[in-house]
Amino acid sequence: MLRLFTALSIPEDVAETLQRRQSGLPGARWRPLEALHVTLAFHGEMDERRADDLASELSRVGGAPFQIALKGVGAFGDAHRSHTIWAGVETPNQALSVLAGRCRAAAARAGIAAEAREYRPHVTLAYLKPQTDPARVGAWITGHNLLHSPPIRIDRFGLYSSVLTDAGSHYQLEREYLL
């Protein structure tokens with residue numbers, strides 16, 4: 001079984017800028033440089049035949065190059081506990097939303113159900129251990145919330161596989177699609 005998602009890679013210079021911010025928060029499991037990306041759609045686990053169908057449908061997505069910028073940081077979680085630290089994508093970005101929608105539509109044509117949650121483009125910077133102090137999370141966000149990257153040209157997206165390990169997820173680019 002393969003666990004697949006579509007995503008935008010982050011240029012190395014921008015990823016290195018993000019990586020320099022990955023400190024000063026006890027309980028954070030910082031994501032490595034090579035794992036930093038903007039997810040377009042999570043497609044889940046599937047057999048190779050379904051993965052081939054998905055890859056074929058993704059080749060029909062098309063589109064034109066566009067730009068995004070990263071802006072601000074935040075956390076996902078509930079009122080009592082954050083579980084993820086992220087860098088946001090400056091919104092609104094209609095081209096990004098359209099591309100994410102096209103990736104979900106390609107998956108639907110391949111017989112893969114889409115995630116029900118709302119699309120919130122971001123780069124995951126860290127996963128937080130349950131005992132991470134909420135006050136420290138808030139202080140880290142306050143200290144880094146002025147993040148604003150230069151424009152990032154998007155002219156391709158990728159189909160990635162994800163393998164879960166004890167050390168976290170490992171991602172592998174399986175196919176790349178030009179816009």
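This passage walks through the pockets, the helices and a few individual residues of the structure. The model is a predicted one, and its local features are taken only where pLDDT is at least 70.

The pockets make a handy starting point. The largest pocket holds about 950 Å³ of space, and 31 residues line it. Nearest its centre sit Thr39, Arg117, His122, Thr124 and Tyr127. Strands feature heavily in the account of this lining: strand 1 (2-9), strand 2 (28-30), strand 3 (37-46), strand 6 (82-89), strand 7 (122-128), strand 9 (156-165) and strand 10 (168-178) each put in at least two residues. Strand 3 has the largest share, with five residues. In terms of chemistry, the lining of the largest pocket splits into 13 nonpolar, nine polar and nine charged residues.

The second largest pocket encloses about 180 Å³. Its lining is made up of Lys71, Phe76, Trp86, Gly88, Val89, Glu90, Thr91, Tyr119, Arg120, Pro121 and His122. Two elements, strand 5 (70-77) and strand 6, give two or more residues each to this lining, and strand 6 gives the most, with three. By class there are five nonpolar, three polar and three charged residues around the second largest pocket. His122 turns up in both places: it is among the residues nearest the centre of the largest pocket, and it also lines the second largest one.

Val89 is another residue of the second lining, and it belongs to strand 6. Is Val89 buried or exposed? Its relative accessibility is 6%, so it counts as buried. Beyond its neighbours within four places in sequence, Val89 is in contact with Val38, Ile68, Ala69, Leu70, Lys71, Leu96, Pro121 and His122. Of these contacts, Lys71, Pro121 and His122 also line the second largest pocket. Val73 lies 16 residues away from Val89 along the chain, and the C-alpha atoms of the pair are 9.2 Å apart.

Next comes the stretch that follows strand 6. Pro92 is found in the loop between strand 6 and helix 3, and the peptide bond leading into it from Thr91 is cis, with omega near 0°. In general, most peptide bonds are trans. Thr91 is itself one of the residues lining the second largest pocket.

Helix 3 spans residues 94-109, 16 residues in total, and runs 22 Å from its first C-alpha to its last, close to the 22 Å expected at 1.5 Å a residue. Its buried residues are Leu96, Leu99, Ala100, Cys103, Ala106 and Ala107. Why do they sit on the same side of helix 3? The arc they cover around the axis is only 115°, which puts them there. Gln94 and Ala108, on the other side of helix 3, are exposed. Packed against the buried residues are strand 1, strand 3, helix 2 (48-58), strand 4 (66-68), strand 6 and strand 9. One of those buried residues, Leu96, is also among the contacts of Val89. Just past the end of helix 3, Gly111 adopts a positive phi of about 85°.

Helix 2 brings in Leu58. With a relative accessible area of 1%, Leu58 is buried. Not counting residues up to four places away in sequence, it touches Thr6, Cys103, Ala106, Phe157, Leu159 and Tyr177. Two of these partners, Cys103 and Ala106, are buried residues of helix 3. By contrast with this set of contacts, Thr17 is 41 residues away along the chain, and 30 Å separates its C-alpha from that of Leu58.

Helix 1 and helix 4 can be described along similar lines. In helix 1 (residues 12-20), Val14, Ala15 and Leu18 are buried. Viewed down the axis, these residues fall within an arc of 100°, so they line one face of helix 1. The face turned away from them carries the exposed residues Glu12, Asp13 and Arg20. Covering the buried side are elements including strand 5, strand 6, strand 7 and strand 8 (152-154).

In helix 4 (residues 134-144), the buried residues are Val137, Trp140, Ile141 and His144. Their arc around the axis is only 100°, which places them on the same side of helix 4. Ala135, Thr142 and Gly143 are exposed on the face turned away from that buried side. The cover over the buried residues of helix 4 includes strand 2, strand 5, strand 6 and strand 7.

Methods. Residues are numbered from 1 along each chain as its sequence is written. This is a predicted model: local features need pLDDT of at least 70, side-chain atom pairs count only at pLDDT 80 or more; totals for chains, interfaces and linings use all residues. Side-chain values use heavy atoms; hydrogens and water are left out. On a 1 Å grid over the protein atoms alone, a cavity is a set of points where a 1.4 Å probe fits but cannot get out, and a pocket is an open set with protein on both sides within 12 Å along at least five of seven lines; lining residues have an atom within 4 Å of a point. Grid points are joined across faces, edges and corners, and a volume is the space filled by probe spheres set on the points. Helices (H or I, at least four residues) and strands (E, at least two) are DSSP runs, numbered from the N terminus. Ala, Val, Leu, Ile, Met, Phe, Trp, Tyr, Cys and Pro count as nonpolar, Asp, Glu, Lys and Arg as charged, and the others, Gly among them, as polar. The expected span of a helix is 1.5 Å times one less than its number of residues. Buried means under 20% relative accessible area, exposed over 50%, partly exposed in between (1.4 Å probe, protein chains only). The arc is that of the directions from the helix axis to the C-beta atoms. Contact means heavy atoms within 4.5 Å.
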